[in-house]
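User: I would like to learn how to read strand pairing, crossovers and cores from a model of this kind. Could you take me through them one at a time?

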Amino acid sequence: MAEPVEARRGKPPLVEPVETPRRVDLRGGDWLEANRAQWDERVPLHVASEFYDQSALREGRGILYPIEEAELAAYLPDGLEGKRVLHLQCHFGADSLVLAQRGASVVGLDFSKPAIDAARALARETGLDDRSRFINANLYDARHMLPEPESFDLVFTTWGTIGWLPDVAEWARIIAWFLKPGGKLYFADGHPAAFVFEDAAGDTLPRFAYPYTMAGEAIVSDDGADYAGRSRRSTR
C-alpha cells in the first residue's frame, strides 16, 4: 500500500491531545496536608509493629532488605564507614540508623514531625545520636532547611517514596544538588506500573483500577487499612 502523501511530506499523524498536567504547589495544599496527617497517624502504629521490628537494630546488628544489602555491597564495596549519607523520606529513621550503625554520618529528612520525633528517640536509645541528625521538613524545602550543596556521598531513598510526590523531576534536581561530585543515589521502589492494579480477594486476579498517569490529579483514598498491620516479612 502506498504511503499517504501527508506522511511522505512529514505531516504528523492525527493524535489525541494530551492533557496538560495541572500545576501543583509543592510547598502546600491539600495533597501535602492530607498525606502528612495520615503519615502522622501511622507513626505510633509503625514504631510498635512487628512489620518494623527494631530488635536487630537495638542489638547492634541492624539489617536492611536482602535486595538492599546485596546492591549496596556492590554499589559501595568499601562500605559506609566515613561516608556522609542523606536519607530522604526517612519515616521514623529505622533504616537511617542501620546506615549510621555501619559507620556513616546520616542526615534523615521527613515531613512528619511525629516520625522525626520517633527517629530522634530511637537514635538516642541505640546510641547513634552522635552519627545521625533528623530534620522535619517537606522534601521540596530540603535545600532551604539543609543548605549544604554537594556535601553527601550517598543519597538513600527507598520504598513508597516517589508515588507520594507530585513532581519527580524536582525530586531528582534536589538529589543532584546534594550529591558531591561522584556521589551516588541509591533508590529502590516498586514500579509505578504495579500500582494500576487493585488487590483482589480469593483466587481472583488483580484488576485494573487506576490510570497510569493522572495529569497532576491525585488519587484520594479513605481506606483505614495500613500495610504494617500485616506480619513483617521474614526476609527482613
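User: Which residue of β5 does T158 stand opposite?

Analyst: In this predicted model, T158 has A188 of β5 opposite it. That pair belongs to the β4 and β5 pairing, in which the two strands run parallel and are joined by six bridges. Between these strands the chain passes through helix α8, residues 168-178, and the resulting β-α-β crossover is right-handed.

User: How should I think about the side chains along such strands?

Analyst: As a general idea, side chains in a regular strand alternate between the two faces of the sheet.

User: Which helix makes a β-α-β unit with β2 and β3?

Analyst: The helix is α6, residues 113-126, and the unit that it makes with β2 and β3 is right-handed. Strand β2, residues 105-110, pairs with strand β3, residues 132-136, in the parallel sense over five bridges, and D110 has N136 as its bridge partner in β3.

User: Turning to the interior, how many residues are in the largest nonpolar core, and which have the most contacts inside it?

Analyst: A nonpolar core is read as buried nonpolar residues joined through side-chain atoms within 4.5 Å. The largest one here holds 31 residues, and those with the most contacts inside it are L72, L80, V85, L97, L99 and F134. Two or more residues come from each of α5, α6, β4 and β5, with α6 giving the most, namely six residues. Apart from this core lies another, of 24 residues, which includes L26, L86, W171 and I174.

User: What does V85 touch, leaving aside residues up to four places away in sequence?

Analyst: With those sequence neighbours left out, V85 touches L80, L99, A104, S105, V106, V107, F152, L154 and F156.

User: Where does G103 lie, and is G103 buried or exposed?

Analyst: G103 lies in the loop between α5 and β2, and G103 counts as buried because its relative accessible area is 12%, where the cut-off for buried is under 20%. Although G103 and L80 are 23 residues apart in sequence, their C-alpha atoms are 5.7 Å apart in space. Not counting residues up to four places away, G103 touches L80, E81, G82, K83 and R131.

User: What share of the residues in the whole protein chain is buried?

Analyst: Buried residues make up 38% of the 236 residues, and the secondary structure of the chain comes to eight helices and seven strands. Of the contacts with a separation of 6 or more, 73% are between residues 24 or more positions apart. The accessible surface comes to about 14,300 Å², and 54% of that belongs to carbon and sulfur atoms.

Key
Residues numbered from 1 in each chain as written. Predicted model: local features only at pLDDT ≥ 70, side-chain atom pairs only at ≥ 80, totals over all residues. Heavy atoms only, no water. Pairing = 2+ DSSP bridges. Helix = DSSP H or I, 4+ residues; strand = E, 2+ residues; numbered from the N terminus. Right-handed = clockwise from strand over helix to strand, strands pointing away. Buried < 20%, exposed > 50% of the residue type's maximum accessible area, 1.4 Å probe, protein only. Contact = heavy atoms within 4.5 Å. Areas by Shrake-Rupley, 256 points an atom, 1.4 Å probe, with all protein chains shown as cover.
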